[in-house]
Amino acid sequence: MTLEAWREAGLLVSHEATPEEIADLLAVAETDLRDAAIAGLSPERKLGCAYGAMLSAARAALHAAGHRVPKSTSHHHYTIQSLRYTVGLTPPIILRIEALQKKRNAADYVRVGDVADALAEEARALAAGVVARVRQWIVANHPELFGEG
């Protein structure tokens, strides 16, 4: 499967990104990363911020690659999955991000108290790596879209 095959299947639509859009998405990711490190936040909020950073970075990479997920589709799922085809994340890393998303969803919608500080820190570290990898990929593959955001 490729991003082009996803587009042909209606899972993605074409998208022409701008440098400003990419800079904004990366700025959101960086803000989420900073927030995930705030000492006074609960582990649940830290996890949510870390996941948000990865989602914004994934969206930046997908948009830079010329695609976006339509709102009517499972946009979080396909946006995260697209990291395999944009920046080359391995399936085990994608599975780890999806596991963190499930924990985040449970903390947001079901119950608190199930997220340990260590898990929140693991998520923040993973998110920092994903954001850095996306930034490097955009610079290397789409320098025309890389702004000084």
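**View 1. Helix H3 and the glycine after it.** Gly-66 follows H3 and has a positive phi, near 95°. The model here is predicted, with local features needing pLDDT of at least 70, side-chain atom pairs counting only at pLDDT 80 or more, and totals for chains, interfaces and linings using all residues. Residues are numbered from 1 along each chain as its sequence is written, and side-chain values use heavy atoms, with hydrogens and water left out. H3 itself covers residues 43–64; helices here are DSSP runs of H or I with at least four residues, numbered from the N terminus. From first C-alpha to last, its 22 residues reach 32 Å, close to the 32 Å expected at 1.5 Å a residue (the expected span is 1.5 Å times one less than the number of residues). H3 is mostly covered, with 20 of its 22 residues buried. Buried means under 20% relative accessible area, exposed means over 50%, and partly exposed is in between, using a 1.4 Å probe and protein chains only.

**View 2. The rings around Trp-6.** Searching the whole structure turns up 2 aromatic pairs. Rings of Phe, Tyr and Trp (its six-membered ring) pair if their centres lie within 6.5 Å; planes under 30 degrees apart are stacked, over 60 edge-to-face, and the rest tilted. Trp-6 and Tyr-78 sit edge-to-face, 5.3 Å centre to centre with 80° between the planes. Trp-6 belongs to helix H1 (residues 3–8) and Tyr-78 to helix H4 (residues 75–81), so this pair ties together parts 72 residues apart in sequence. Trp-6 also pairs edge-to-face with Tyr-85, with ring centres 5.3 Å apart and planes at 85°. Tyr-85 comes from the loop between H4 and helix H5 (91–109), 79 residues apart from Trp-6. Ring pairs thus link Trp-6, Tyr-78 and Tyr-85 into a cluster. Buried or partly exposed: how does Tyr-85 count? At 26% relative accessibility, Tyr-85 is partly exposed, while Trp-6, at 6%, is buried.

**View 3. The largest nonpolar core.** A nonpolar core is a set of buried Ala, Val, Leu, Ile, Met, Phe, Trp, Tyr and Cys residues joined through side-chain atoms within 4.5 Å. This one has 37 residues, and those touching the most other members are Ile-22, Leu-83, Ile-97, Val-130, Val-134 and Ile-138. Two or more residues each come from helix H2 (19–36), H3, H5 and helix H6 (117–141). H3 gives the largest share, 12 residues.

**View 4. Leu-83 and the other core.** Setting aside neighbours within four places in sequence, Leu-83 is in contact (heavy atoms within 4.5 Å) with residues including Ala-58, Ile-97, Val-130 and Val-134. Apart from the largest core lies another, of 5 residues, among them Leu-3, Trp-6, Leu-12 and Val-69.
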